[in-house]
Every structure is written in C-alpha cells, then in structure tokens.
Amino acid sequence: MSTEREPKKSLFERAADVFDLPADVLAGLPRLEIAGCRRLLMENHRGILEYSGEQIDINGGQVVVRVKGKGLDLRAMNANELSLDGLLFSIEFVF
Amino acid sequence: MQQTVNFLRGSVEVDIEGAFPERFLNICAQNGIEFWGLRRLDDTHLRVRVHPSGWRAMPPFALKAQCRVSLVKQRGVPFFLWRYRRRHGFILGFLLTLGVLYGLSQFVWEFEVVGNELVSSETILRHLAEIGVKPGIYGPSIDIATIKNEMMLHIDELSWLTVNRQGSLATVEVRERIPKPEILPADQPCNIVAAKDGLILRVDARTGSAQVKAGETVTKGQLIVSGVVDSNLVGTRFLHAQADVYARTWYDLSAKMPLRVAAKTYTGRSYTRRILIVAGYRMNFSILGFPSFEKCDKIVKTATLGLPFGATLPVSLVTETYTEYKPAAASISQASAAEALKASLTRRLSALLDEGEVLAADVTAVESNGVLLVSLKAECREQIALTIPLPK
C-alpha cells in the first residue's frame with residue numbers, strides 16, 4: 001500500500017460521474033457518516049483489518065479507511081454496516 | 001432499550017484467540033452473527049459479546065478463521081431461568097400465580113351502566129341482580145342474549161342492552177326507548193279546537209276554514225278551524241285542518257304554606273356503625289347493640305376501595321350514622337315564605353304555557369290563621385290550537 005499510487009476509477013464510478021448518480025449507491029463505495037467527534041457509521045464496508053482502542057482499519061474495497069482516536073469501540077457490525085464509538089482524532093484513506 | 005432487549009434475550013461474553021481475530025469478526029458479520037462491546041485484550045485476544053444463538057453458530061467460523069473461541073460469562077434472562085430449572089417449587093408457584101391471576105380475572109367485580117337517562121343505574125343493576133347477574137359472577141357464564149331478553153321484558157323503557165366485559169369490569173350498555181309521539185296522519189280529516197279559554201288574537205288557517213275572528217272569545221273545546229269545507233264548485237270536502245291560533249289567556253294560580261313548621265332539634269346522641277362489604281358479603285364491625293332512638297336521621301356513606309385509572313375493587317366500607325332528634329316547632333318569616341311560593345307558582349305557570357309568553361303577572365299574599373296564601377294572576381299570550389280528528 002503506497003500512498004503515491006492513485007487508484008483507477010472503476011467502470012461504475014465513471015458511470016456514476018457521467019450520469020450524476022450517487023456513487024455509493026451505484027458503485028457500492030463506502031459511505032461514512034460522522035456525528036461530531038464521537039461516533040462514526042460506515043456503510044458498504046468489506047470488513048475490519050485491524051482493531052484496537054487507538055486505531056481501527058476498515059476495508060472499504062479499493063481504499064482502507066483508517067480511523068484514529070482514543071477509546072475506540074466497535075458498537076455494532078453486520079455484513080454492510082458498522083458503527084464506531086469513541087473520541088475520533090483522524091480519518092485517513094490509505095491506498 | 002437495546003440493553004433491555006439484550007438482557008431479555010441473554011448475552012454471552014466470548015474470548016477470541018488467534019493470529020487474526022479481526023478476520024473472525026468479519027466472517028461473523030457476513031454470516032449475520034450480531035456482536036457488540038468489542039474489546040482488544042492484547043495482540044491475539046479480542047473479547048466480544050453475542051446473543052446465545054450467535055454463540056452456538058460460532059464454532060465452524062472459528063475453525064475457518066483459525067481462531068479459538070471460549071466462553072467467559074453468560075448473563076440475561078434465559079441463563080437465569082436455566083439455572084433455576086430444577087427448582088420445581090419455584091416454577092410451580094409461578095405457574096400457580098399466573099393461574100390464580102387468570103382465574104380471578106374471569107370474575108366480574110364491578111358493573112357499570114352507561115347510556116341511561118330516564119332509567120336509573122340502580123334500577124338496571126337491581127334487575128340484573130334479580131336474574132343473577134351481580135358482582136362475583138363468573139364472566140364466561142354471562143349469556144348476553146338471555147340477559148338482553150330478560151331485561152327488555154323487565155324494563156319497558158329499554159330498547160337495547162348489552163354487557164361488555166373487560167377483565168373484572170362489566171359495562172352494561174343500554175339504549176332507551178324513545179316514546180312514540182302521537183301523530184295524526186295527514187290524510188285524516190281533523191278540526192282545530194281551543195285547548196284553553198281565551199281571547200283570540202290571531203288565527204292563521206293554512207288548511208280548513210276559520211270559524212272565529214280575532215277579538216272573539218273562545219271557551220275550551222270550541223271549534224276554531226273546521227276541517228269541513230263546503231264550496232259550490234267542488235262540494236263538501238273533509239280536510240286535515242292546520243292552523244296557528246294565538247290567544248290571550250288568563251291564569252289564576254294560588255298556593256298555601258303554613259308559617260309554623262316542624263323542625264328538628266338534635267339531642268346530641270348519635271350512633272355510628274361500620275360495615276365492610278367484601279364481594280357482597282356484609283361484615284358488621286360494631287358489636288354494640290343498636291340504641292333505641294325515637295326519631296333519628298340516618299346518614300349512610302359508602303367508600304369503595306379503588307385502583308388508579310378508575311377501576312374499583314369489590315371492597316367497600318359503609319359508615320352508617322344515626323343522629324337522634326326531637327321534633328320542635330319553628331316559624332318561617334312571611335317574606336321568605338312568599339318568595340318561595342311565588343317561585344313555585346311561576347314554575348307552575350311556565351309549565352302550563354304551551355308556546356307562549358307571560359304578558360303581565362300580579363302576585364298577592366294574604367295571611368290568615370298562620371297560613372300564607374299567595375295567588376298569581378297572569379295574562380299570557382299563547383298558542384291554543386288543538387288538533388282533534390273529525391267524528392265519523
């Protein structure tokens with residue numbers, strides 16, 4: 001995972017751009033909802049890669065979402081959605 | 001809320017040990033095993049909480065993810081019940097309680113009557129009690145059709161009745177019969193006569209021929225508008241006379257009242273007894289005998305034990321107070337007696353008037369031999385038409 005390489009847009013992503021459609025619906029891209037600095041809801045995730053109270057890496061398909069914070073806690077998770085609690089410091093996208 | 005649901009469903013705390021415990025979590029999430037409260041213990045250890053069904057489904061996935069799962073703690077209602085499964089007495093008592101609760105809720109303790117205006121609730125409840133429907137009856141034995149038939153026979157004023165039972169409260173819903181007004185058919189020949197003596201002010205005959213003019217005096221029963229109309233063109237016709245007849249009428253009403261009346265002087269002696277009524281059984285708390293009062297007032301107060309939201313229990317405490325008194329004479333002032341009589345005469349007058357108004361009233365009061373006589377002379381304007389069928 002090098003940060004220099006920019007991933008190519010998928011066919012569905014390009015289609016979403018052309019037709020002005022929401023990319024998360026069409027291409028199944030991850031969708032993040034952040035409430036303040038305490039709660040994060042992520043849809044269309046592909047699973048957890050790394051889990052600790054300070055850092056959680058979530059597989060988002062073409063990108064890894066890295067959430068850093070303090071006292072992070074996975075509140076609930078199913079095949080599509082997951083919800084995190086805790087003090088959020090940063091959210092990074094790692095390619 | 002979620003915590004309550006989790007408590008009722010029960011939850012299991014599970015330790016996950018393996019090289020990549022996250023991989024196990026992903027597999028769980030994909031296979032619909034709900035989990036929450038995830039904690040990292042160290043690099044290879046995770047602790048998580050799942051529902052009991054999730055715990056049972058875990059082993060094959062753990063094998064796939066090369067993890068070892070172990071149970072740490074069980075909590076919630078299902079585990080609690082499982083732990084006490086051998087305590088037969090407890091289970092028996094619990095079931096017995098439910099059974100007794102259900103059984104007792106089948107009995108009706110309270111009857112409520114709604115929808116009655118003319119017939120008093122007491123009358124309806126008394127008749128119901130006569131046919132055996134009273135507090136303490138076993139609910140499912142209430143046969144609404146029979147009750148309906150019996151009650152309609154007993155109380156003529158009712159046109160419909162039903163009993164709705166909600167637990168131990170039965171609501172008796174009734175509809176009263178509306179008395180049929182006496183209507184003469186429009187094709188029946190009729191005359192209009194004077195209902196009262198009076199001086200005719202106006203006769204508006206819509207059908208029929210007027211026999212009196214304004215300014216004439218009529219006596220009660222005198223023909224005002226005839227239903228028999230004779231003409232050269234079509235001969236004699238018999239019609240249903242219709243008319244408004246306004247007349248000036250006079251009333252002379254009087255009422256008497258003695259100015260000396262019997263009053264009560266309380267002797268200060270009284271006797272109180274309390275009776276507890278539980279489901280219709282009277283329990284007398286007062287052991288002392290009933291004192292002999294020559295004349296006494298009896299005041300009965302009933303306090304019924306209630307529950308919130310308007311429900312009542314079949315327990316009531318009746319307090320009966322007997323207060324002895326001696327009759328004594330007292331006098332009333334003439335002015336207040338005259339006032340009371342005048343009010344009652346005015347009420348009587350307005351009851352006599354049918355579609356009319358009082359034009360002038362004169363009240364006189366005379367006292368003789370301790371009796372006050374009040375007379376009311378009134379001049380009124382009212383409708384005096386009375387429709388009666390023509391004799392055959």
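How many residues lie between β3(A) and β4(A) in the hairpin that they form? In this predicted model, the count is three. The two strands run antiparallel and are joined by three bridges, with Y51(A) standing opposite I56(A) of β4(A).

That hairpin belongs to a bigger arrangement in chain A. Six strands make up an open sheet with antiparallel pairing, in the order β1-β2-β6-β5-β4-β3. The edges are taken by β1 (31-35) and β3 (48-51) of chain A, and each of them has a single partner strand, so one side of each has no neighbour in the sheet. Going from one strand to the next, the twist averages 40°.

Next along from the first hairpin, β4(A) also pairs with β5(A), again in the antiparallel sense, this time over five bridges. One of the matched pairs is D57(A) with R66(A), the latter sitting in β5(A). These two strands make a hairpin as well, with four residues between them, and G61(A) takes a positive phi there, near 90°. Strand β4(A) itself, residues 55-59, shows two distinct faces: I56(A) and I58(A) are on the covered one, while Q55(A), D57(A) and N59(A) are on the uncovered one. This fits the general pattern, since side chains in a regular strand alternate between the two faces of the sheet. Put together with the pairings, Y51(A) is matched with I56(A), a residue of the covered face, whereas R66(A) is matched with D57(A), a residue of the uncovered face.

Elsewhere in the sheet, β2 (residues 39-43) and β6 (residues 81-94) of chain A run antiparallel and are held together by five bridges. Here L40(A) has L84(A) of β6(A) as its bridge partner. The loop between β2 and β3 of chain A contains N44(A), which has a positive phi near 60° despite not being a glycine. With 16 other C-beta atoms within 10 Å, N44(A) falls between the limits of 12 or fewer for exposed and 20 or more for buried, so this residue is partly exposed.

Now for the contact between the chains. It involves 14 residues of chain A and 12 residues of chain B. On the chain A side, β3 and β5 each supply at least two residues, and β5(A) gives the most, with five. Sorted by class, this side of chain A has seven nonpolar, four polar and three charged residues. From chain B, helix α2 (residues 21-30) lies across β3 and β5 (64-77) of chain A, and the helix runs at about 135° to β3(A). The edge strand β3(A) is therefore one of the strands that α2(B) lies across.

Within chain B, helix α3 (residues 52-64) isn't straight: there is a bend of about 45° at M58(B), and a proline, P59(B), follows within four residues. The buried residues in α3(B) are W55(B), M58(B) and A62(B), which puts M58(B) both at the bend and among the buried positions. As a general point, an α-helix has 3.6 residues a turn, so residues three or four places apart point the same way. The buried residues of α3(B) pack against β1 (11-18), α2, β3 (45-50) and β4 (67-75) of chain B. Helix α2(B) thus turns up twice, packed against by α3(B) and lying across the chain A strands.

After α3(B) comes Q66(B), placed in the loop between α3 and β4 of chain B. Its phi is positive too, near 55°, again in a residue other than glycine. Q66(B) counts as exposed, because 11 C-beta neighbours lie inside 10 Å.

Notes:
Residues numbered from 1 in each chain as written. Chains lettered and ligands numbered in written order. Predicted model: local features only at pLDDT ≥ 70, side-chain atom pairs only at ≥ 80, totals over all residues. Pairing = 2+ DSSP bridges. Axes fitted to C-alpha atoms, helices over the stretch in contact; angles between N-to-C directions. Contact = placed C-beta atoms within 7 Å. Nonpolar A, V, L, I, M, F, W, Y, C, P; charged D, E, K, R; others polar. Bend = angle between axes of the 7 residues up to and from the residue.
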